[in-house]
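User: Hello! I would like a close look at one part of the model below, and then a walk outward to its surroundings.

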Amino acid sequence: MARVSFFIDGFNVYHSLKPFDTSKHSFITKYKKYLWLDFYSLSQRFVAKNDQIADVYYFTAMAYWKPDAEARHRILIEALRHRGVKVILGKFKEKDRFCKFCRAQYKEHEEKQTDVNIAVYLLNEAFKNSYDKAILLTNDTDLIPAIK
């Protein structure tokens, strides 16, 4: 029997389910019903009959400048915690950007710490022998060195 741990890149999964259609300048809502995934139940579907879930980690950050979105995100986080998911919070950093077309300067928020948190937890839990198999839900190639 193998112990399986899941490491979920929350914003990466979210933005994969809510892609932006640049030609229409709007979000594609085809997968909207999946934005409130029960990641523990999803993890159960990836585990073989003889294996067991060791841990499910959900890595995310709070969009503090969007109060309505932050409130909904907090509800999701509490629901995930209630299901036994361990939530690891990163941060957002405000960055100055410059538009090369209109030459205007504007502020944008960039998620920080998520990739590093995933890599640290992946390696730390391996060091502690907490799992036999690790499954990452991400589309981020920055984690390839940690996986290797």
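How far is the sulfur of Cys102 from the closest cysteine sulfur, and in which residue does that sulfur lie? Please place the answer in the setting of the rest of the chain.

Analyst: Happy to. Please keep in mind that this is a predicted model. The closest cysteine sulfur to that of Cys102 belongs to Cys99, at 3.4 Å, which is too far for a bond. A disulfide needs the two sulfur atoms within 2.5 Å, so the 3.4 Å between Cys99 and Cys102 does not qualify. The count for the structure agrees: it holds zero disulfides. As for its surroundings, Cys102 counts as exposed, because its relative accessibility is 53% and the exposed class begins over 50%.

In sequence, these two cysteines fall between two strands, S6 (residues 91-98) and S7 (residues 105-112). Those strands are also joined by charge. Asp96 and Lys107 form a salt bridge whose closest N and O atoms are 2.6 Å apart. This pair links distant parts of the chain, with Asp96 in S6, Lys107 in S7 and their positions 11 residues apart. Asp96 is partly exposed, at a relative accessible area of 47%. There is also a network of salt bridges that links Lys95, Arg97, Glu108, Glu110 and Lys112.

Side chains of opposite charge can pair when their charged atoms come close. The structure holds 13 salt bridges, and two others make a nice contrast. Arg83 meets Asp38 through their side chains, at 2.8 Å from N to O. Here the partners are 45 residues apart: Arg83 sits in the loop between H3 and S5, whereas Asp38 sits in the loop between strand S3 (26-27) and helix H2 (39-44). Both partners are partly exposed, Arg83 at 34% relative accessibility and Asp38 at 28%. Glu70 and Arg74 also form a salt bridge, with their closest N and O atoms 2.8 Å apart. This pair stays inside helix H3, where four residues, or about one turn of the helix, separate the partners. Glu70 counts as buried at 16% relative accessibility, while Arg74 counts as partly exposed at 46%.

Helix H3 brings us to the sheet. Four strands make up an open, parallel sheet in the order S5-S4-S1-S8. Strands S5 (86-89) and S8 (133-137) stand at its edges with a single partner strand each, so one side of each has no neighbour in the sheet. On average, neighbouring strands of this sheet are turned by 20° against each other, direction ignored. S4 and S5 run parallel and are joined by four bridges. Tyr57 has Lys86 in S5 as its bridge partner. Helix H3 (residues 67-82) packs on the sheet and touches S4 and S5, its direction making about 165° with that of S4. Helix H4 (residues 114-127) packs on the sheet as well, touching strand S1 (3-9), S4, S5 and S8, with an angle of about 160° between its direction and that of S4.

One residue of this sheet shows how such packing looks at the level of side chains. Thr60 lies in strand S4 (residues 52-60). Thr60 is buried, because its relative accessible area is 1% and the buried class covers values under 20%. Beyond its neighbours within four places in sequence, Thr60 contacts a set of residues that includes His73 and Ile77, as well as Val87, Ile88 and Leu89. Phe11, Gly90, Glu111 and Thr114 are also among the contacts of Thr60. Glu111 belongs to the range of S7, and Thr114 begins the range of helix H4.

Aromatic rings add another layer. Phe7, Tyr57, Phe59, Tyr121 and Tyr131 form one aromatic cluster, and the structure holds 11 aromatic pairs.

Finally, stepping back to the whole chain, there are five helices and eight strands. Along the sequence they follow the pattern β-α-β-β-α-β-α-β-β-β-α-β-α. Of the 148 residues, 34% count as buried. Among contacts with a separation of 6 or more, 65% come from residues 24 or more positions apart. The C-alpha atoms fill a box of roughly 60 × 30 × 25 Å along the principal axes. To return to your question, the sulfur atoms of Cys102 and Cys99 are 3.4 Å apart, too far for a bond.

Definitions and conventions
Residues numbered from 1 in each chain as written. Predicted model: local features only at pLDDT ≥ 70, side-chain atom pairs only at ≥ 80, totals over all residues. Heavy atoms only, no water. Phe/Tyr/Trp six-rings, centres within 6.5 Å; stacked < 30°, edge-to-face > 60°. Buried < 20%, exposed > 50% of the residue type's maximum accessible area, 1.4 Å probe, protein only. Contact = heavy atoms within 4.5 Å. Pairing = 2+ DSSP bridges. Axes fitted to C-alpha atoms, helices over the stretch in contact; angles between N-to-C directions. Salt bridge = Lys/Arg side-chain N within 4 Å of Asp/Glu carboxyl O.
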